[in-house]
Amino acid sequence: MDLLTALMTRRSIRKYQPQSVPGELVEKLLRAAMQAPSARNAQPWEFILLDDRNLLAQIPKICPNAPMAAHAPLGILVCGNLDLEKSEGFWVIDCSAAIQNMLLAAHGLGLGAVWCGIYPRQERVAGIRQLLHIPERVIPHSLVLVGYPAESPQPEDRYHPERVYKNRWGQKD
């Protein structure tokens, strides 16, 4: 699949078939994530792979936006390591770029994925930190749930020309 097709057809997948995601595909997802740009090339991300059913079942209690975690074959927790960042605060943007790469890679590999935000909701950060024994200088950013899709949402055209200006806010010509 070419890049523009992937961009235009990727959708959030919240229902998965029960089979696990093979290790070689997981590595491809992580490699894609780690190819993302980052401020001053800091690459401040860390990843925790979650395939333990008991752990995944606890996620919705902490992250109400992730009820599908209880049934997903794989969760990839993306964290920002404050000891690795070189430009304060940019770890959030860097991790977001890594996640977008991962979502597009999953789609290109025939997998489905959904991005579930954790940061900046402090109760979610604290809950995930406690559940997974994450140190203080590592911040849970988002959980990406991955599996073989059991649904096929149709692509949407999300282009809004009324939100595009030229040279100045509000100027169209």
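## Exercises on a predicted model

His133 is exposed, with a relative accessible area of 71%, and this value, like the others below, comes from a predicted model.

**Exercise 1.** Find where His133 and Asn41 lie, and describe what is notable about the backbone angle phi of each residue.

*Solution.* Begin with His133, which sits in the loop between H5 and strand E4 (138–147). Its phi is positive, at about 60°, although His133 is not a glycine. Turn next to Asn41, which is placed in the loop between helix H2 (23–34) and strand E1 (45–50). Asn41 is not a glycine either, yet it has a positive phi of about 55°. Finally, consider the surroundings of Asn41: exposed means over 50% relative accessible area, and Asn41 counts as exposed because its relative accessibility is 51%.

**Exercise 2.** Decide whether Asn81 is buried or exposed, and then work out which residues it is in contact with, leaving aside its neighbours within four places in sequence.

*Solution.* First locate the residue: Asn81 belongs to strand E2, which covers residues 74–81. Next apply the cut-off, by which buried means under 20% relative accessible area; since Asn81 has a relative accessibility of 10%, it counts as buried. Then list the partners, once neighbours within four places in sequence are set aside: Asn81 is in contact with Pro44, Glu46, Arg137 and Val138. With Glu46 there is also a polar contact, in which the two side chains are joined at 2.9 Å.

**Exercise 3.** Identify what kind of peptide bond leads from Tyr119 to Pro120, and state where Pro120 is found.

*Solution.* Look first at the omega angle of this bond, which is near 10°, and the peptide bond from Tyr119 to Pro120 is cis. Then place the proline in the chain: Pro120 is in the loop between strand E3 (112–117) and helix H5 (122–132).

**Exercise 4.** Determine how many salt bridges the structure holds, and examine the one between Arg11 and Glu156.

*Solution.* Start from the general idea that side chains of opposite charge can pair when their charged atoms come close. The structure holds five salt bridges. In one of them, the side chains of Arg11 and Glu156 meet at 3.3 Å, N to O. This pair links distant parts of the chain, since Arg11 is in the loop between helix H1 (3–9) and H2, while Glu156 is in the segment after E4, 145 residues apart. The accessibility of the two partners can then be read in turn: Arg11 counts as buried because its relative accessibility is 18%, whereas Glu156 is partly exposed, with a relative accessible area of 44%.

**Exercise 5.** Explain why Arg31 and Glu27 are separated by about one helical turn, and then describe the salt bridge between Arg129 and Glu136.

*Solution.* Take the helix first: Arg31 and Glu27 are four residues apart in helix H2, and therefore about one helical turn separates them. Their side chains meet in a salt bridge of 2.8 Å, N to O. Arg31 is exposed at 55% relative accessible area, while Glu27, at 42%, counts as partly exposed. Now turn to the other pair, in which the side chains of Arg129 and Glu136 form a salt bridge of 3.5 Å, N to O. Here Arg129 is buried, with a relative accessible area of 13%, but Glu136 is exposed, with 60%. As a last step, note that salt bridges sharing partners join Arg11, Glu156 and Arg158 into one network.

Methods: Residues numbered from 1 in each chain as written. Predicted model: local features only at pLDDT ≥ 70, side-chain atom pairs only at ≥ 80, totals over all residues. Heavy atoms only, no water. Helix = DSSP H or I, 4+ residues; strand = E, 2+ residues; numbered from the N terminus. Buried < 20%, exposed > 50% of the residue type's maximum accessible area, 1.4 Å probe, protein only. Polar contact = N/O pair within 3.5 Å; in protein donor to acceptor, adjacent residues only side chain to side chain. Contact = heavy atoms within 4.5 Å. Salt bridge = Lys/Arg side-chain N within 4 Å of Asp/Glu carboxyl O.
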